[in-house]
Amino acid sequence: MRVLGVNALFHDHAVALVVDGEVVAAAEEERFSRRKHGKRPVPFAAWELPELSARWCLETAGLRPEDLDAVAYSFDPRLARPASEQGLDDPWDHLRLTYAEKAPGFLAAGMPGLDPGAVQFVPHHVAHAASAGLAAPVRDSSVLVLDGRGEAVSHLAGRYAAGELEVLASQALPHSLGLLYEDVTEHLGFLRSSDEYKVMAMASYGQPRFLAELTDPVRATGDGGFHTDPVDWGSLAKRLGPGDDWTQDHADLAASVQRRLEEVLLDLVRWLHQQTGGTALTLAGGVALNCVANTRIAAEGPFDQVWVQPAAGDAGTALGGALHVAAGAGDPVGPMPGADLGRGWTDAEVETWLTTAKVPYERPADIADAVAELLADNGIVAWFQGRSEYGPRALGHRSLLAHPGFPANLERMNDVKGREQFRPVAPMVLAERARDIFGRGPVPSPYMLFVHDVAASWRERIPAVVHVDGTARIQSVDRADEPLVARMLERFEARTGLPVVVNTSLNTAGRPMVDDPRDALECFGSAPVDALAIGPFLVRRGQWP
Ligand SMILES: [Fe+2]
């Protein structure tokens, strides 16, 4: 069965293609449209469909729209109720609902040849759940989904057994841990539904001084759900505008909300375990991108194993929706093969891009070794290899790399990317060396969804990747999955004694991650990066004729 999953309604619109139960391709529209998150999460943007990524997805599999057996749309308007009845302050929500109801016709118009009758609505949280439970390497799992909102709920707790989902609890709106975190994100001067990870980073600079004020309004209710009553944020810390300087009060507020979120999540996880008695927990929904909370769930929760969907935000519902429909039709759905499900180019295609741009380049005997040498000399390298990543993290395919041994490299990387200086950059590390250096968080951690304590003896050696609280959000690199990245790390260790490299996403301020060779050349051309390693080719700064 050929199923195209589509996430379109809120933001991070994306597609995924599942053929006979196997994940063939998945991509976010932002990588094609070059607009971060694809669109703003407002009702009047709900009509925008991921048409560019959908076209690519079909082309790459050699399919036409009429060849699809089903299109899974990750929102079911039949489950929604008017915003006012749900306690949501969203006067235009009915527009969003109208667009969802009309989606089959819109999709057929956008993909000529598609039968509108092939479009199936999948409940939003079921799509999230499938992106965890059906995409994980474990067969059966307890599953927990938390996000801002779906049709009428903000959460799902359940269990997957033999590919079938049993829903055990869901929390009706307006109660929403995701919306609570979005509210504080906005209060701190950041962009809601986008910059939540900045609040998590800021929390490390504060103390949870306002925890008592949050304990009653934000609480688990003992039945698998929770309440989030309104909080007067302004009484705790003054509201900030974009770019305003933050104070200790703001960091303490971030720390308090972060801590309370972790506590309530642990309550929900423990309740779920009481119901299922399972050993494996799978997580999805935007809240599951909170790697600090994930780490506490793994370290202090009752499950032996925790797996998080790398595209845990709404983009992942394209994949989950497609897997759900395929499984429902009896296809043997397999785990996702990795996060590198986007566009890729042959060496010959990459070389054509370089010759067309008249860029001087070389082809070293081993690109991994050449890059290791540049990094050892404290160069910054744009690393463009293989297929692009699905989800918000660069995992060694569209990455910006640097030496972790110099404290100034944190500032240097944040400057290249135009990011706030309080934000950390992360390390990639050879999987078999990870435990020597990084404690507490789970290993392997191939998708950067947990944080780890940096061993005291290593903090001085890799200062660029140690956050203010002594942690690092690692990507562990397995030789079998990522042979080229692993070789680069090995060659870097041979030169420096450090099996760790700074890895951040390849993009500049406010732009989506680089996806195609043109993006890579444009990014290299405009940012103070010393070299671009694109496929087997190396372009060096300062070699222009
Ligand atoms: Fe969602």
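**Iron site, helix contacts and backbone outliers**

Asp-314 is buried, as its relative accessible area is 9%. The model is predicted. Asp-314 is one of the protein donors of an iron ion, and helix α11 (316–328) follows the loop in which Asp-314 lies. The points below cover the iron site, two helix pairs, the surroundings of Ser-193, and backbone geometry at two prolines and two residues with positive phi.

**Iron site**

- The iron ion has as protein donors His-124 and His-128, each through NE2, and Asp-147 and Asp-314, each through OD. The distances from these donors to the iron ion run from 2.0 to 2.3 Å.
- Angles between the four donor atoms at the iron ion span 88 to 170°, so the arrangement is irregular. A tetrahedral assignment would need all angles between 85 and 135 degrees.
- Along the sequence the donor residues follow the spacing H-x3-H-x18-D-x166-D. Asp-147 and Asp-314 are 167 residues apart and link distant parts of the chain.
- Asp-147 sits in the loop between β6 (141–146) and β7 (155–161), whereas Asp-314 sits in the loop between β12 (305–308) and α11.
- Asp-147 has a relative accessibility of 3% and therefore counts as buried, the cut-off being under 20%.

**Helices α5 and α11**

- Helix α5 covers residues 124–133, and its axis comes within 7 Å of the axis of α11. The two axes cross at roughly 85°, so α5 and α11 are roughly perpendicular to each other.
- On the α5 side the contact is made by His-124, Val-126, Ala-127, His-128, Ala-130 and Ser-131. On the α11 side it is made by Gly-316, Thr-317, Gly-320, Gly-321, Leu-323 and His-324.
- The contact of α5 with α11 has eight polar and four nonpolar residues, and no charged residues.
- His-124 and His-128, which take part in this contact, are also donors of the iron ion.

**Helices α6 and α7**

- Helix α6 (residues 177–187) and helix α7 (residues 196–203) have axes that come within 9 Å and cross at roughly 75°. These helices are therefore roughly perpendicular to each other.
- Tyr-181, Glu-182, Val-184 and Thr-185 of α6 meet Glu-196, Val-199 and Met-200 of α7.
- By class, this contact of α6 with α7 has four nonpolar, two charged and one polar residues.

**Ser-193**

- Ser-193 lies in the loop between α6 and α7. Its relative accessible area is 11%, so Ser-193 is buried.
- Leaving aside residues up to four places away in sequence, Ser-193 touches His-11, His-37, Pro-41 and Glu-182. Glu-182 also belongs to the α6 side of the contact with α7.
- Ser-193 and Thr-471 are 278 residues apart along the chain, and their C-alpha atoms are separated by 25 Å.

**Backbone geometry**

- Most peptide bonds are trans, and most residues other than glycine have a negative phi.
- The Leu-173 to Pro-174 peptide bond is cis, with omega near 10°. Pro-174 is in the loop between β8 (164–169) and α6.
- The peptide bond from Val-443 to Pro-444 is also cis, with omega near 5°. Pro-444 is in the loop between β16 (438–439) and β17 (452–454).
- Arg-440 also lies in the loop between β16 and β17. Arg-440 is not a glycine, yet has a positive phi of about 70°. At 43% relative accessibility, Arg-440 is partly exposed.
- Lys-358, likewise not a glycine, has a positive phi of about 50°. Lys-358 is located in the loop between α12 (347–356) and α13 (367–376) and is exposed, with a relative accessible area of 72%.

Definitions and conventions. Residues are numbered from 1 along each chain as its sequence is written. This is a predicted model: local features need pLDDT of at least 70, side-chain atom pairs count only at pLDDT 80 or more; totals for chains, interfaces and linings use all residues. Side-chain values use heavy atoms; hydrogens and water are left out. Donors are N, O and S atoms within 2.8 Å of the metal (3.2 Å for Na, K and Ca); water is not among the atoms, so sites may look incomplete. Four donors count as tetrahedral if all angles lie between 85 and 135 degrees; four count as square planar and six as octahedral if opposite donors are over 155 degrees apart and all others between 65 and 115; anything else is irregular. Helices (H or I, at least four residues) and strands (E, at least two) are DSSP runs, numbered from the N terminus. Buried means under 20% relative accessible area, exposed over 50%, partly exposed in between (1.4 Å probe, protein chains only). Axes are lines fitted to C-alpha atoms, for helices over the stretch in contact, and angles run from 0 to 180 degrees between N-to-C directions. Angles under 35 degrees count as roughly parallel, over 145 as roughly antiparallel, 65 to 115 as roughly perpendicular and the rest as oblique. Contact means heavy atoms within 4.5 Å. Ala, Val, Leu, Ile, Met, Phe, Trp, Tyr, Cys and Pro count as nonpolar, Asp, Glu, Lys and Arg as charged, and the others, Gly among them, as polar.
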